[in-house]
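Please find below some notes for a colleague who is opening this structure for the first time. They take up the pockets, then the surface, then the salt bridges.

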Amino acid sequence: MRSGNPSLKTEAFERFEDVGTGRNMTIIGTVNRTFILLLLLLATFVYSWNQFVTNPASAMPLVLVGGIGGFLVALVTIFVPKISPFTAPVYALLEGLFLGAVSARYELQYGGIVFQAVLLTIAVLLSLLVVYRSGLIKVTHNFRLGVAAATGAVFVVYLVSFIGRFFGFQIPHLHEATPLGIAISVIIVIVAALNLVLDFDFIENASKRRTPKYFEWYGAFGLLITLIWLYLEILRLLSKLRR
């Protein structure tokens with residue numbers, strides 16, 4: 001049950017199998033907690049958005065706090081899943097601060113782009129959920145390994161690009177609105193979307209195990225990571241198409 005999402009690994013669940021307390025992880029419980037995290041994210045998203053619209057300079061600290069803080073909280077949650085009922089909501093709030101200001105900036109440049117990105121993200125989520133439940137996509141061992149490898153490759157490319165900026169080096173076409181740059185963004189969106197399938201499969205299998213109840217928060221946290229990544233990549237793709 002390997003997922004491309006670094007937070008959803010088989011080992012995380014196997015280490016914490018319950019011995020049967022009657023308080024085990026369920027799919028419905030994970031879905032409910034995912035909605036809670038999305039509502040928390042939306043609250044700080046709106047706040048950060050309004051801050052950017054009112055005074056763009058005042059929103060920059062929110063981007064830094066949300067981005068860096070969210071990354072650190074995510075790392076802590078991945079290494080200590082037991083505290084996910086507390087850290088997952090904090091992660092959602094911090095990411096909302098980051099996404100709100102970033103989205104407002106995109107909206108300022110390309111009117112209507114955020115609404116389109118949100119709709120496409122929801123459409124991809126629901127479509128893949130239906131496809132997964134219908135059995136049209138078979139989550140085999142090779143499928144998991146392929147998506148995990150592609151996700152790792154994307155991470156390495158972004159890491160090299162980030163470090164390269166400090167030395168005046170930039171990966172060609174990655175951030176450009178050229179046909180090849182757009183094709184790269186499409187591929188990354190597909191990789192992010194396929195991670196949703198792995199997340200669905202992982203959460204379903206984990207719920208069949210005697211996994212503690214608090215792992216519903218952890219599963220929701222992992223799913224939120226993928227959704228945020230997918231939304232940002234769709235936003236980047238749409239901005240390239242606008243340019």
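1. A definition is needed before the pockets can be read: helices are DSSP runs of H or I with at least four residues, and they are numbered from the N terminus. With that in hand, the second largest pocket can be described by the helices around it, since α2 (27-54), α5 (113-134), α7 (179-208) and α8 each supply at least two residues of its lining. Please keep in mind throughout that this is a predicted model.

2. The second largest pocket has a volume of about 900 Å³. It is lined by 27 residues, of which Thr34, Phe35, Leu38, Leu125 and Leu227 are the closest to its centre. Helix α2 gives the most to this lining, with ten residues. By class, the lining of the second largest pocket is made up of 22 nonpolar, three polar and two charged residues.

3. The largest pocket holds about 2,200 Å³ of space. Among its 46 lining residues, those closest to the centre are Phe98, Tyr158, Trp229, Leu232 and Glu233. At least two lining residues come from each of α3 (56-79), α4 (84-109), α6 (141-165) and α8 (215-242), and the largest share, eleven residues, is that of α3. The lining of the largest pocket divides into 27 nonpolar, twelve polar and seven charged residues.

4. On the surface, the reader may wish to look at a nonpolar patch of about 980 Å², which is made by Phe155, Val156, Leu159, Val160, Phe162, Ile163, Phe166, Phe167 and Phe169. Phe155, one of these residues, lies in helix α6. Is Phe155 buried or exposed? Its relative accessibility is 56%, and because exposed means over 50%, Phe155 counts as exposed.

5. A search of the whole structure finds five salt bridges. In one of them, Glu204 pairs with Arg133, and the closest N and O atoms are 3.0 Å apart. This pair links distant parts of the chain, with Glu204 in helix α7 and Arg133 in helix α5, 71 residues apart. Glu204 is buried, with a relative accessible area of 18%, whereas Arg133, at 55% relative accessibility, counts as exposed.

6. A further salt bridge joins the side chains of Asp201 and Arg144, at 2.9 Å from N to O. Here too distant parts of the chain are linked, Asp201 being in helix α7 and Arg144 in helix α6, 57 residues apart. Which relative accessible area does Asp201 have? The value for Asp201 is 9%, and that for Arg144 is 14%. Because buried means under 20% relative accessible area, Asp201 counts as buried, and so does Arg144.

7. Arg236 and Glu233 also form a salt bridge, their closest N and O atoms lying 3.6 Å apart. Because these residues are three positions apart in helix α8, Arg236 and Glu233 are separated by about one helical turn. Both Arg236 and Glu233 are buried. Elsewhere, salt bridges that share partners join Arg33, Lys213 and Glu216 into one network. Glu233 deserves a second look, as this residue, besides pairing with Arg236, is among those closest to the centre of the largest pocket.

Note on methods. Residues numbered from 1 in each chain as written. Predicted model: local features only at pLDDT ≥ 70, side-chain atom pairs only at ≥ 80, totals over all residues. Heavy atoms only, no water. 1 Å grid on protein atoms, 1.4 Å probe; cavity = no way out; pocket = protein on both sides within 12 Å on 5 of 7 lines; lining within 4 Å. Points joined across faces, edges and corners; volume = space filled by probe spheres on them. Nonpolar A, V, L, I, M, F, W, Y, C, P; charged D, E, K, R; others polar. Patch = residues over 30% accessible without salt bridge, like charges linked within 9 Å, V, L, I, M, F, W, Y side chains within 5 Å. Areas by Shrake-Rupley, 256 points an atom, 1.4 Å probe, with all protein chains shown as cover. Salt bridge = Lys/Arg side-chain N within 4 Å of Asp/Glu carboxyl O. Buried < 20%, exposed > 50% of the residue type's maximum accessible area, 1.4 Å probe, protein only.
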